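Have a look at the model below before reading on. The notes that follow start with the chain as a whole and then move in to single residues.

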Amino acid sequence: MNTQKHTKQVFWMATVITGATLLYYLLQRKKNKDDTPDTITPSILRPIATEVKQQTQTSVKHKQPQVEQLPIPQQSVFPLKPGSKGKEVERLQIWLLRNHGWKGEITRIYDDQTLKLVRKSLKKDQVDKHTYQKKKMGIPICQQFQP
């Protein structure tokens, strides 16, 4: 019976010590959170430090440089011919895949395989802008059938 009483006392002492440690930790954390540069500065300089702090905060918020984005003039990629690269060539290859049995990899490069299939399907070596638009090569297939 004496052992049980001793165990209870040890348990309560451990609980009190843990609670006190936790309370101390929380109070220190709150104290550190409240320590701003204004509270550390000597009292004579606090108004100046506060004013400087406010000015720097407002200047950062309101003085962001306004950069006007000008459109970049794009050079015409047409006519598409061997050696051409880019999105238009990719669209041409996808069009060939859908309509003329392209069996290669979409590479975005007008290579020999692209040339061969363009010759077979369009009877030309190059694809001009008019043909590209007429055959709707630049329009994704999901947009071609919308009413």
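## The chain as a whole

How much area does the protein chain expose, and what share of it do carbon and sulfur atoms supply? The exposed area comes to about 12600 Å², and 59% of that is supplied by carbon and sulfur atoms. Keep in mind that this is a predicted model. As for what's tucked away, buried residues account for 17% of the 147 residues in the protein chain.

The fold is built from helices: there are seven of them and zero strands. Read from the N terminus, the order of elements is simply α-α-α-α-α-α-α. Among contacts with a separation of 6 or more, 41% link residues that sit 24 or more positions apart.

## How far to trust it

Mean pLDDT for the protein chain is 78, with 67% of the residues at 70 or more. Broken down by element, helix H5 has the highest mean pLDDT, at 94. The lowest belongs to helix H2 (residues 37-40), with a mean of 50.

## Helix H5 and its cover

Helix H5 spans residues 112-122, and Thr114 is part of it. Is Thr114 buried or exposed? Thr114 counts as buried because its relative accessibility is 0%, well within the under 20% that burial calls for. Leaving aside residues up to four places away in sequence, Thr114 touches Leu92, Gln93, Leu96, Trp102 and Ile109.

Thr114 has company, too: Leu115, Leu117, Val118, Ser121 and Leu122 are also buried in H5. The cover over these buried residues includes helix H4 (87-100) and helix H6 (129-134). Just past the end of H5, Lys123 adopts a positive phi of about 60°.

## Gln93, a polar residue with no exposure

Gln93 is worth a stop. Gln93 lies in helix H4 and counts as buried, since its relative accessibility is 0%. So what does its side chain find there? A polar atom of the Gln93 side chain lies 3.0 Å from the backbone oxygen of Ile109.

The list of neighbours is worth reading in full: Gln93 touches Trp102, Glu105, Ile106, Thr107, Arg108, Ile109, Asp111 and Thr114, again leaving out residues up to four places away in sequence. Trp102 and Ile109 turn up among the contacts of Thr114 as well.

Next along the chain is Ile94, also placed in helix H4. Ile94 counts as partly exposed because its relative accessible area is 22%, just past the 20% mark for burial. The C-alpha atoms of Ile94 and Gly138 are 9.5 Å apart, although 44 residues separate the two along the chain.

## Salt bridges

How many salt bridges does the structure hold? There are four. One of them pairs the side chains of Lys87 and Glu90, at 3.4 Å from N to O. Both residues are in helix H4, three residues apart, or about one turn of the helix. An α-helix has 3.6 residues a turn, so residues three or four places apart point the same way. The two partners differ in exposure: Lys87 is partly exposed because its relative accessible area is 47%, whereas Glu90 counts as buried because its relative accessibility is 16%.

Another bridge joins Asp125 and Arg119, whose closest N and O atoms are 2.6 Å apart. Asp125 is partly exposed because its relative accessibility is 41%, and Arg119 is partly exposed with a relative accessible area of 43%. Then there's Lys124 with Asp128, where the closest N and O atoms are 3.9 Å apart. Beyond these pairs, shared partners join Lys87, Glu90 and Arg108 into one salt-bridge network.

## A nonpolar patch on the surface

Which residues form a nonpolar patch on the surface? They are Leu22, Tyr25 and Leu26, which together have about 320 Å² of accessible area. Tyr25 is found in helix H1 (residues 2-34). With a relative accessible area of 48%, Tyr25 counts as partly exposed.

Key. Residues are numbered from 1 along each chain as its sequence is written. This is a predicted model: local features need pLDDT of at least 70, side-chain atom pairs count only at pLDDT 80 or more; totals for chains, interfaces and linings use all residues. Side-chain values use heavy atoms; hydrogens and water are left out. Helices (H or I, at least four residues) and strands (E, at least two) are DSSP runs, numbered from the N terminus. Buried means under 20% relative accessible area, exposed over 50%, partly exposed in between (1.4 Å probe, protein chains only). Contact means heavy atoms within 4.5 Å. pLDDT is the predictor's confidence in each residue, from 0 to 100. Accessible areas come from the Shrake-Rupley method with a 1.4 Å probe; for residues, only the protein chains shown count as cover. Patches are made of residues with over 30% relative accessible area and no salt bridge: like charges are joined within 9 Å, nonpolar side chains (Val, Leu, Ile, Met, Phe, Trp, Tyr) within 5 Å. A polar contact is a pair of N or O atoms within 3.5 Å; within protein, one must be able to donate a hydrogen and the other to accept it, and residues adjacent in sequence count only if both atoms are side-chain atoms.
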